[in-house]
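Please open the structure in a viewer and keep the sequence panel visible beside it. The tour below proceeds by selections, each followed by a description of what is found there.

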Amino acid sequence: MKDVYTKFGLEATTQDFIGHAMALYTTDDYINAKGRVHETLERIKLYATSMSRYGKSPYIYPLYGLGELPQGFARLSAIYGGTYMLNTDVDEFLEEGGKVVGIKATMKHDDGPGMKFETKAKRILADPSYFPGKVRVTGYLIKAIYILKHPIPNTQDSDSLQLIIPQSQVGRKNDIYIAVVGSAHNVCPKGYYIAIVSTIAENDANPHEELAPGVDRLGSKPLETFQGSPIPLYEPVESGENDNVFISKSYDATSHFETTTDDIKDIYQRVEGKPLVVAGLREGTFNVEQ
């Protein structure tokens with residue numbers, strides 16, 4: 001992309017906007033990487049077509065918060081014979097010949113010891129917390145949640161937004177992400193806003209100071225602030241082919257779920273041995289090609 005930017009005489013700040021806000025790259029590695037022009041243009045095209053489809057933003061956000069996503073998936077899964085079990089602890093993974101073939105678990109009850117059961121499976125798909133011995137730490141996520149009584153300054157009083165601060169503009173190696181939602185999404189009372197600021201830790205001194213460039217853009221002092229310790233980020237050390245355990249990566253600092261989508265496609269590739277192809281997205285039929 002470096003030659004493309006040079007040909008059109010695009011300055012550094014414009015390159016930052018295109019690469020990080022439109023193409024949603026998390027680093028500048030794509031600029032000098034060979035063979036990335038077509039991919040970058042496709043990402044930009046997706047941003048532009050999404051803008052034309054949804055109006056003032058290329059993004060859609062579920063009413064009542066992100067918890068609606070797993071709920072919607074659970075309902076769709078049930079149509080195809082899937083079962084969701086809440087309040088259930090995995091007690092043991094069953095193995096045969098070095099491969100995981102099932103689980104022993106307990107469905108907890110408010111009164112009593114709960115119901116124990118055993119089930120078999122050809123494959124296990126899990127997040128890193130279930131298999132700490134099969135993952136490695138790749139970094140640490142810093143995240144803080146702020147309750148505001150005002151919209152973000154210089155955003156035309158938008159009731160929701162995503163703001164990406166490119167790493168090069170604040171002297172960092174990782175972007176800073178700001179996601180804001182409000183009463184329009186039924187996640188808080190009218191007149192209030194919820195802002196989430198996140199990035200990847202780059203030092204051990206005071207990690208939350210690394211969020212300062214993002215916090216400064218929130219305007220006046222928040223009503224409430226919720227900050228936790230840096231969260232370790234994990235990735236699987238093996239593909240899962242040898243033991244039937246296919247592990248996802250941890251959620252990173254991004255607020256647009258692009259990397260999560262990539263992770264889903266990677267898991268599907270590892271499980272099925274072929275790329276995920278979803279037909280009918282434009283028509284809304286959502287069929288996975290077999």
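The tour begins with the whole chain and then moves to strands, salt bridges and a surface patch.

**The whole chain**

Please note at the outset that this is a predicted model. Select the entire chain, which has 290 residues, of which 32% are buried. The C-alpha trace spans about 60 × 45 × 45 Å along its principal axes. If the display is set to a cartoon, seven helices and 13 strands can be located. A surface display shows what the chain exposes: about 18400 Å², with 53% of it supplied by carbon and sulfur atoms. Among contacts with a separation of 6 or more, 55% are made by residues 24 or more positions apart.

**Strand β7 and its two partners**

Select residues 176-182, which form strand β7. How many of the seven residues of β7 are buried? Six of them are, and the strand is therefore described as mostly covered.

Now add residues 161-165, strand β6, which pairs with β7 in the antiparallel sense over five bridges. One bridge to show explicitly joins leucine 163 to isoleucine 178 of β7.

Next add residues 193-200, strand β8; β7 and β8 also pair in the antiparallel sense, over six bridges. Here tyrosine 177 has serine 198 in β8 as its bridge partner.

**Salt bridges**

The whole structure contains 11 salt bridges; three of them are visited here.

Begin with helix α4, residues 37-54, and show the side chains of glutamate 39 and arginine 43, which lie four residues apart, about one turn of the helix. These side chains meet in a salt bridge with an N to O distance of 3.6 Å. Are the two residues buried or exposed? Glutamate 39 counts as partly exposed because its relative accessibility is 32%, whereas arginine 43, at 18%, counts as buried because the cut-off for that class is under 20%.

Move next to glutamate 96 and lysine 120, whose side chains meet in a salt bridge of 3.9 Å, N to O. Glutamate 96 lies in strand β1 (residues 88-96) and lysine 120 in strand β3 (residues 115-120), so this pair ties together parts that are 24 residues apart in sequence. Both glutamate 96 and lysine 120 are exposed.

The third selection is arginine 172 with glutamate 210, where the N to O distance of the salt bridge is 2.8 Å. This pair links distant parts of the chain, 38 residues apart: arginine 172 is in the loop between β6 and β7, and glutamate 210 is in the loop between β8 and α6 (212-215). Arginine 172 is buried, with a relative accessible area of 13%, and glutamate 210 also counts as buried, at 6% relative accessibility.

Finally, return to the salt bridge in α4 and add Arg36 to the selection: salt bridges that share partners join Arg36, Glu39 and Arg43 into one network.

**A nonpolar surface patch**

For the last stop, which residues make up the nonpolar surface patch of about 480 Å²? Select Tyr61, Leu66, Leu69, Tyr251 and Phe257, and display their surface. Then focus on tyrosine 251, found in the loop between β11 (245-247) and α7 (258-272). Tyrosine 251 counts as exposed because its relative accessibility is 59%, and the cut-off for exposed is over 50%.

Technical notes:
Residues are numbered from 1 along each chain as its sequence is written. This is a predicted model: local features need pLDDT of at least 70, side-chain atom pairs count only at pLDDT 80 or more; totals for chains, interfaces and linings use all residues. Side-chain values use heavy atoms; hydrogens and water are left out. Patches are made of residues with over 30% relative accessible area and no salt bridge: like charges are joined within 9 Å, nonpolar side chains (Val, Leu, Ile, Met, Phe, Trp, Tyr) within 5 Å. Accessible areas come from the Shrake-Rupley method with a 1.4 Å probe; for residues, only the protein chains shown count as cover. A salt bridge is a side-chain nitrogen of Lys or Arg within 4 Å of a carboxyl oxygen of Asp or Glu. Helices (H or I, at least four residues) and strands (E, at least two) are DSSP runs, numbered from the N terminus. Buried means under 20% relative accessible area, exposed over 50%, partly exposed in between (1.4 Å probe, protein chains only). Two strands pair if DSSP finds at least two bridges between them. Contact means heavy atoms within 4.5 Å.
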